[in-house]
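Reader: I have this model open at the bench and would love a close look at one part of it. Could you walk me through how the packing around one helix works?

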Amino acid sequence: MRILVVEDERDLNRVISKRLESEGYSVDRCFDGQEALDFIEAGDFDAIIMDIMMPKLSIKRQTDKMSKLVSELLMISRMDKNTMTLNFEVTDISELLKFVCDEQEELNQNSTRLVRNIRDNVVAKLDRGSMTRLLVNLISNAYKFTEAGGEVTVSLSESKSSVSISVKGSGIGISKDELPKIWERFYQADTARTHNENSGAGLGLSMVKWIAEKHNGKVTVESEPGKGSEFVFTFPK
């Protein structure tokens, strides 16, 4: 995978580039807009990292945004190389989901309300690390695209043989034409989503799909513009 890093802060550019190169990426670097255009015209890039230092964001949020992006890219690299080790063990997913909800509420202290319908004492065999990432991605996405005053609902249920997790946000929704594309790497939906200052690089849902499949499960979505989206992940115990 070939990546172009565009960042006029040279020390930051060098740190990002070295970390990506250590994971086997082919990395090109440049330091201003015109140089970036020249690179893009001359090369075929799988991803472009740019505008990491965003003036409207605090230093902490700039750093968090960069760290999350690089972390996602490194995970994608390990997925592609099949070098990610998953350790499946019987886990109380009720407690894990409550923990992630607590964390997301703490990170998103705004007027968006988090509603929990979490059944107690649900256990299943899973990889705790990747499952945590799946839950974080789904719930944080719901927060990102739910307007102030809206509602995010997280539900957990079970049958004799399977577990089902639902994350529903009363947000802007996704059009039917875009729904099949949201699982693609680096894909971002319409401008209302991509211009959201909290939006990422379009990697989160591709990782969710991969993690779901590694748990022999599937994740589905129902959405309507203006009415929000609901993601449902179902997997065997």
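Author: Here is a walk around helix 5 and its neighbours, beginning with the chain as a whole.

Please keep in mind that this is a predicted model. The protein chain has seven helices and ten strands. Of its 237 residues, 45% are buried. If you take the contacts between residues at least 6 apart in sequence, 70% of them join residues at least 24 apart.

Now to the inside. The largest nonpolar core holds 45 residues, and those with the most contacts within it are Ile93, Leu97, Met131, Leu134, Ile165 and Phe235. Helix 5, which covers residues 128-144, gives the most to this core, with seven residues. That makes helix 5 a handy place to start looking.

Before following the helix, click on Ile165 for a moment. Leaving aside residues up to four places away in sequence, Ile165 touches Ile93, Leu97 and Leu135, along with Ser155 and Leu156. Its other partners are Phe231, Val232, Phe233 and Phe235.

Next, turn to the pairing of helix 5 with helix 4. Two packed helices are described by the angle between their axes and the distance between the axes. Helix 4 (residues 93-107) packs on helix 5 at an angle of about 40°, and the axes lie 10 Å apart. Angles from 35 up to 65 degrees fall in the oblique class, so helix 4 is oblique to helix 5. Their crossing is right-handed. From helix 4, the residues taking part are Ile93, Leu96, Leu97, Val100, Cys101, Glu103, Gln104 and Glu105. They meet Arg128, Met131, Thr132, Leu135, Val136, Ile139, Ser140 and Tyr143 of helix 5. Sorted by class, the residues of this contact are ten nonpolar, three polar and three charged.

Helix 5 also packs against helix 7 (residues 204-214), where the axes come within 9 Å and cross at roughly 140°. These two helices are therefore oblique to each other as well. Here the crossing is left-handed. On the helix 5 side, the contact uses Ser130, Met131, Arg133, Leu134, Asn137, Leu138 and Asn141. Helix 7 answers with Gly204, Leu205, Met207, Val208, Ile211 and Ala212. This contact has eight nonpolar residues, four polar ones and one charged residue. Met131 is worth highlighting in your viewer: it is listed in the contact with helix 4 and again in the contact with helix 7.

Stay with helix 7 a little longer. This helix is mostly covered, with eight of its eleven residues buried. The buried ones are Gly204, Leu205, Ser206, Met207, Val208, Trp210, Ile211 and Ala212.

If you walk on past the end of helix 7, you reach Asn216, in the loop that leads to strand 9 (218-224). Its phi is near 55°, a positive value in a residue other than glycine. Asn216 has a relative accessibility of 66% and counts as exposed.

Asn121 is another residue to visit while you are looking at loops. Asn121 is not a glycine either, yet its phi is positive, at about 60°. You will find Asn121 in the loop between strand 5 (113-118) and strand 6 (123-127). Asn121 is exposed too, with a relative accessible area of 61%.

To come back to where we began, helix 5 gives the most to the largest nonpolar core, with helix 4 packed at an angle of about 40° and helix 7 crossing at roughly 140°.

Terms used. Residues are numbered from 1 along each chain as its sequence is written. This is a predicted model: local features need pLDDT of at least 70, side-chain atom pairs count only at pLDDT 80 or more; totals for chains, interfaces and linings use all residues. Side-chain values use heavy atoms; hydrogens and water are left out. A nonpolar core is a set of buried Ala, Val, Leu, Ile, Met, Phe, Trp, Tyr and Cys residues joined through side-chain atoms within 4.5 Å. Buried means under 20% relative accessible area, exposed over 50%, partly exposed in between (1.4 Å probe, protein chains only). Helices (H or I, at least four residues) and strands (E, at least two) are DSSP runs, numbered from the N terminus. Contact means heavy atoms within 4.5 Å. Axes are lines fitted to C-alpha atoms, for helices over the stretch in contact, and angles run from 0 to 180 degrees between N-to-C directions. Angles under 35 degrees count as roughly parallel, over 145 as roughly antiparallel, 65 to 115 as roughly perpendicular and the rest as oblique. A crossing is left-handed if the near helix is turned anticlockwise from the far one by less than a right angle, and right-handed if clockwise. Ala, Val, Leu, Ile, Met, Phe, Trp, Tyr, Cys and Pro count as nonpolar, Asp, Glu, Lys and Arg as charged, and the others, Gly among them, as polar.
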